[in-house]
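Q: I'd like to learn how to read a structure like this one. Could you take me through it feature by feature?

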Amino acid sequence: MDFALLRDAFWSLTFDGIALGAIYGLIALGYTLVYGVLRLINFAHSEVFMIGTFASLVATTTVMGFSVENDPLTGGSMILTMVVSLIIAMIASGLTAVLVELVAYRRLRNRGATKLATLISAIGVSITLVELFNLLTDALPREYPRVMEKSFLFSFWGADVRNDKVIIIIAAGLMMIILDTFINRTRFGKGIRAVSMDEGTAALMGVNINRIITLTFLMGGLMAGAAGYFYMLTYENTSFKVGFVLGLSAFTAAVLGGIGNIRGALLGAFALGLIENYSGALFGVAWKSVITFTLLVLVLLFKPTGILGESIQQARV
Amino acid sequence: MKILGLRESFARWWIRQNRVSKTIFQTLLILVTFALPFLENPVLDTPGSSYQAVLFYPISVFVLLSIGLNIVVGKSGLLDLGYVAFFAIGAYTMAILGTETNLNFYLILILGMAFAMISGVILGAPTLRLRGDYLAIVTLGFGEIVRIVAVNIDAIGGPRGIAGIPTPPPLFGNEFSIIDPKPYYWVLCVLILIAILAVRRWAVRRPGRAWDAIRQDDDVAQLMGVNTFKYKIWAFVLGAAVAGAGGVIYASQVLSIAPEQFSYNVSILVLACVVFGGIGNLWGVILGGFLLAYIPERIRFLSEYRVLVFGLTLVIMMNLRPDGLVPRKKWEKDLLLAEKEKGQR
């Protein structure tokens with residue numbers, strides 16, 4: 001129990017926790033969207049994120065021709081590189097997610113297979129993707145070049161606030177708002193909400209179920225791709241295993257907030273980012289996940305459907 | 001898609017047999033199973049790894065674990081993603097008691113099962129009120145916690161684990177040693193046999209019916225007077241006991257264990273065995289455990305591509321046969337379908 005560390009570093013822990021929570025949140029959205037519509041955990045989603053990290057690496061190094069040796073960029077070329085990398089990562093992850101749906105879900109869904117069968121086929125896709133990148137990268141971690149010079153923007157009650165984290169928090173926040181608006185305001189969003197309420201009735205009302213489900217996976221994938229890029233921006237390296245750790249945390253976040261509930265997932269993600277940082281300081285980093293899971297169990301005991309309650313609209317059928 | 005209606009024709013043939021020929025058939029099957037280590041041949045052989053060692057681990061260990069997990073996931077419909085925790089607890093019991101004390105192996109076996117059962121209660125009591133996916137994430141977390149605790153406590157070896165675990169005393173003149181996995185295989189076969197008998201007994205009696213009811217509809221089962229919580233705990237605890245026993249024997253064979261052997265992947269693999277073989281069907285599960293443990297070893301000649309091929313196999317098989325190789329009995333599937341239609345109306 002290291003209270004002194006927690007007290008001294010409280011604000012920088014808080015700040016880092018929010019930045020971490022933003023990345024978790026973007027991944028958690030994918031879990032929660034798919035769960036809201038299909039009532040299924042998308043076990044391959046962590047690999048969608050993993051592909052996002054690799055896609056941003058490829059985008060920056062190959063497409064933009066920026067390598068580890070180069071000095072950080074400034075001005076317009078920096079922004080261009082960052083935006084192009086972000087967009088390529090999002091597209092790559094989005095397409096992967098759509099592919100996952102086609103391969104692992106669609107056929108099984110149309111045959112009325114059990115939840116568990118779908119789970120296993122998603123796990124199969126996950127294993128395949130992890131192994132594919134294991135082979136492609138020779139199981140070695142890959143370093144991401146520093147496109148943007150990292151500097152401290154300002155000091156906040158003793159916490160030095162770094163520019164990359166500010167960018168992450170702002171950009172992730174923006175994306176979350178866009179997604180929330182998309183779900184709540186647009187026609188497609190209405191379709192997603194309808195399918196999550198009642199698939200059969202939605203189909204009778206003329207909603208193209210397959211298209212909506214593909215769209216849901218696409219949205220989740222886009223968010224995971226953005227998370228992949230932001231992850232690379234701060235942590236600057238990736239490996240084929242990166243999906244497991246981040247995916248597990250993000251999934252925990254989604255459950256913590258109430259899975260199937262978009263705002264719940266975000267709340268859960270920020271809460272989890274903070275909890276992980278605080279408990280890491282308090283008990284040592286090694287015990288971080290033990291604390292996280294214990295807390296999750298406690299929350300679920302008293303509020304069995306997560307903090308904000310499950311599902312976009314109503315309880316599970 | 002049916003695999004040539006093999007299952008139906010076998011079931012029809014089986015029903016027509018009288019008691020004597022059934023007994024003969026069963027005895028033959030058991031004998032063949034026990035004789036498997038001697039039946040080393042080019043078809044069954046596993047190039048790249050010792051055939052006899054593979055028979056013990058992963059094959060028979062995974063068959064045992066699949067039978068245990070099937071009680072939890074298949075019979076009572078509780079999704080457990082942290083099953084490896086109980087396996088780890090059994091293995092660590094063997095490692096700690098075996099190196100620190102000189103208790104008899106069979107006593108440790110019972111103790112290992114007991115500890116796994118106790119941890120099953122500890123995990124189950126607060127969490128079994130949760131449903132479906134929440135239970136999945138909590139059990140997943142439990143599996144990770146057990147592993148992380150093992151990594152972080154130096155008294156039990158930390159990340160290096162425990163080495164020098166003693167072998168069991170000789171049994172009927174069979175020396176247990178690392179070079180000869182046959183006796184271990186036979187001990188596991190006996191355990192698997194006991195597990196099969198026990199599960200088959202439970203399945204037709206009160207617990208089995210209670211589990212069926214809970215799986216089909218928790219609320220209705222409770223309304224009908226089934227003490228659902230009690231039977232869920234029992235499913236959990238019995239599944240844990242099977243995994244604990246597997247863990248003890250596993251530890252006594254490999255002689256040194258480390259937390260990394262008990263990662264989340266093992267839980268997923270066992271779950272894959274259960275679903276792949278045919279969830280809820282004992283023979284399907286055994287077949288699934290056998291195949292999913294055997295295939296990666298058999299295709300070891302693909303060396304680095306084997307896990308990739310394994311993943312693809314899972315996807316393709318689930319797409320072709322979503323109910324597993326040997327599905328649950330048919331009437332239940334019909335019931336599920338009817339249920340689904342009702343839900344959609």
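A: Let's start with burial: a residue counts as buried if 20 or more other C-beta atoms lie within 10 Å of its own, exposed if 12 or fewer, and partly exposed in between, with C-beta atoms placed from the backbone. In chain A, 52% of the 317 residues are buried, and in chain B it's 48% of the 345 residues. Keep in mind that this is a predicted model, where local features need pLDDT of at least 70, side-chain atom pairs count only at pLDDT 80 or more, and totals for chains, interfaces and linings use all residues. As for labels, residues are numbered from 1 along each chain as its sequence is written, while chains are lettered from A and ligands numbered from 1 in the order in which they are written.

Q: How many helices and strands does chain A have, and how many does chain B have?

A: Helices (H or I, at least four residues) and strands (E, at least two) are DSSP runs, numbered from the N terminus. Chain A has twelve helices and four strands. Chain B has 14 helices and zero strands, so reading along its sequence you just meet α after α.

Q: What is the radius of gyration of each chain?

A: That radius is taken over C-alpha atoms, and you compare it with the globule rule, 2.2 Å times the number of residues to the power 0.38. For chain A the value is 19 Å, close to the 20 Å the rule gives for 317 residues, so chain A is as compact as a globular protein of that length. Chain B comes out at 20 Å, close to the rule's 20 Å for 345 residues, so it too is as compact as a globular protein of its length. If you prefer boxes, the C-alpha atoms of chain A fill roughly 55 × 45 × 40 Å along the principal axes, and the trace of chain B spans about 60 × 50 × 45 Å.

Q: What share of the contacts in chain A joins residues 24 or more positions apart?

A: Two residues are in contact if their C-beta atoms, placed from the backbone, lie within 7 Å. Among contacts in chain A with a separation of 6 or more, 79% join residues 24 or more positions apart. In chain B the share is 78%. A nice case is A:A28 in helix 2 of chain A: its C-alpha is 7.4 Å from that of A:L266, though the two are 238 residues apart in sequence. A:A28 is buried, with 35 other C-beta atoms within 10 Å. Beyond residues up to four places away in sequence, A:A28 touches A:A250, A:A253, A:A254, A:A265, A:G268 and A:A269.

Q: Which residues touch the most other members of the largest nonpolar core?

A: A nonpolar core is a set of buried Ala, Val, Leu, Ile, Met, Phe, Trp, Tyr and Cys residues joined through C-beta atoms within 7 Å. The largest one here has 208 residues, and A:L26, A:A226 and B:A272 touch the most other members. Helix 2 (residues 10-38) of chain A gives the most to this core, 17 residues. Leaving aside neighbours within four places, the contacts of A:L26 include A:A172, A:M175 and A:A226.

Q: How many residues does each chain bring to the contact between them?

A: Chain B gives 35 residues and chain A gives 37. On the chain B side, helix 6 (132-152) supplies the largest share, eleven residues.

Q: What should helix 5 of chain B span?

A: The expected span is 1.5 Å times one less than the number of residues. With 23 residues (105-127), helix 5 of chain B should span 33 Å, and its end C-alpha atoms are 33 Å apart, which agrees.

Q: Is strand 2 of chain A buried or in the open?

A: None of its five residues (152-156) is buried, so strand 2 of chain A lies largely in the open. Strands pair if DSSP finds at least two bridges between them. Strand 2 is joined by four bridges to strand 3 (residues 159-162) of chain A, and the two run antiparallel. They form a hairpin with two residues between them, and A:W157 in the turn has a positive phi of about 45°.
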